[in-house]
Amino acid sequence: MKVDLNEVFEEFAEARRNGFLKVKELKDQGAHIVGTFCTYTPKEIIYAAGGTPVTLCGVSNDTIPAAEIHLPKNLCPLIKSSYGYAISDKCPYMYFSDLVVGETTCDGKKKMYELLGEIKDTYVMQLPHSQDSEYAKNMWKHEVIKFKEKLETKFSTSVTEEKLRESINLCNRERISLSNFYSLGKLIPPPISGYDMFTILNGVLYIFDKEEQIAKLNEITASLKELHANNECKISKTAPRILITGCPLGGVADKIIKQLEEVGAVVVVYENCGGTKNTEKLVDENEEPIKAIADKYLSIPCSVMSPNKGREDMLSNLIKEYKVDGVVEIILQSCHTYAIETRNIKRHVNNLGVPFISIETDYSTSDKGQIRTRLEAFVEML
Ligand code: BJ8
């Protein structure tokens, strides 16, 4: 069925707000809501325990002043915004969550979770910071088991192997449908701008019925492919093709993605969270479920891992597959792990013959003009 893309964009632009009503409905029907912050959260375990994972808010500058009463000012805006939402009761997803789950990713997040635990039932998974050693793999598998047990106790349920296999299959199908959607960026010209792609990716987060989410995303992908096949794309074939990497971009998309496209480029692929980082690898359905889940999640190439060669490998593949002309990295202020990693990433990308720019910013609008000037100069030289 062909979908009306204008309607989709309108609907998804309001998705977060509409999601408030849906989550309340779910709650009224007795659903167990689990608030999540990070890509490392093994959602398969939540589904298998009969829970509904929801992404917690953390992309507004407005909640930062409330957070700064308890947290230092020179902290990543994502952490401050998330905490600010929680203490000012402005995130309905947090409000309706029976449990919040976090992981020991960066220092700022793990210490913020301690404060969050004072106002909300918060469970923290101990994430190892290396990926290859047997010790790290066993530790993380153990953490996944402990998380399963926590949910079993919390929701008075039993997570069976059968339920785990079902949820693995469901989440894998979601990953495949997301990957197909991302692949639209490989087309020349792409049938969708990076900003519209971001709007849709953000919107699908708030369709809580996974089957409905997968079906909707597949329809959108099919309609956009048809647009391309009929030569109806609005984007220029010669627009410089950009890959976005670095920190999550929810709070800075208008400053960076929108402005990049206003100055003539097109974002064809997102390597960061909310993009391909989580979908490149599936959970192995032929393995023992807990081990397969643990292995998949531990392989996510975030800068909190040391070393983090997986990010370089992923960038090499994406640059080639999406025919990328330039890489733009987003660093949120005070994010030490990404800020330090930028040196290696720049060298790696430049060695592939691709120009690279790193933009450090926060959630305020004060540097919008300055960022535009830098992006303009970058796009001009591509
Ligand atoms: S898997 S990127 S969602 S940790 S930007 S809060 S790292 S100081 S968000 Fe992240 Fe999980 Fe990694 Fe993804 Fe800390 Fe850096 Fe802030 Fe960050």
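**Entry 1: helix H16 and its neighbours**

I began with what the buried residues of H16 pack against, and I found strand E5 (241-246), helix H12 (253-262), strand E7 (326-332) and strand E8 (356-361). Contact here means heavy atoms within 4.5 Å, and buried means under 20% relative accessible area, exposed over 50%, partly exposed in between (1.4 Å probe, protein chains only). Helices (H or I, at least four residues) and strands (E, at least two) are DSSP runs, numbered from the N terminus.

A note to self: this is a predicted model, where local features need pLDDT of at least 70 and side-chain atom pairs count only at pLDDT 80 or more, while totals for chains, interfaces and linings use all residues. Residues are numbered from 1 along each chain as its sequence is written, and side-chain values use heavy atoms, with hydrogens and water left out.

**Entry 2: the two sides of H16**

Which residues of H16 are buried? I listed Ile371, Leu375, Phe378 and Val379. They cover an arc of only 90 degrees around the axis (taken from the directions from the helix axis to the C-beta atoms), so they sit on the same side of H16. On the other side, I found Gln370, Thr373 and Glu380 exposed.

**Entry 3: the sheet**

Next I looked up the open sheet of 4 strands, which runs E6-E5-E7-E8 with parallel pairing. Strands pair if DSSP finds at least two bridges between them. Strand E6 (266-270) and E8 are at the edges with a single partner strand each, so one side of each has no neighbour in the sheet. E7 and E8 pair in the parallel sense over 6 bridges, and I saw isoleucine 330 opposite isoleucine 359 in E8.
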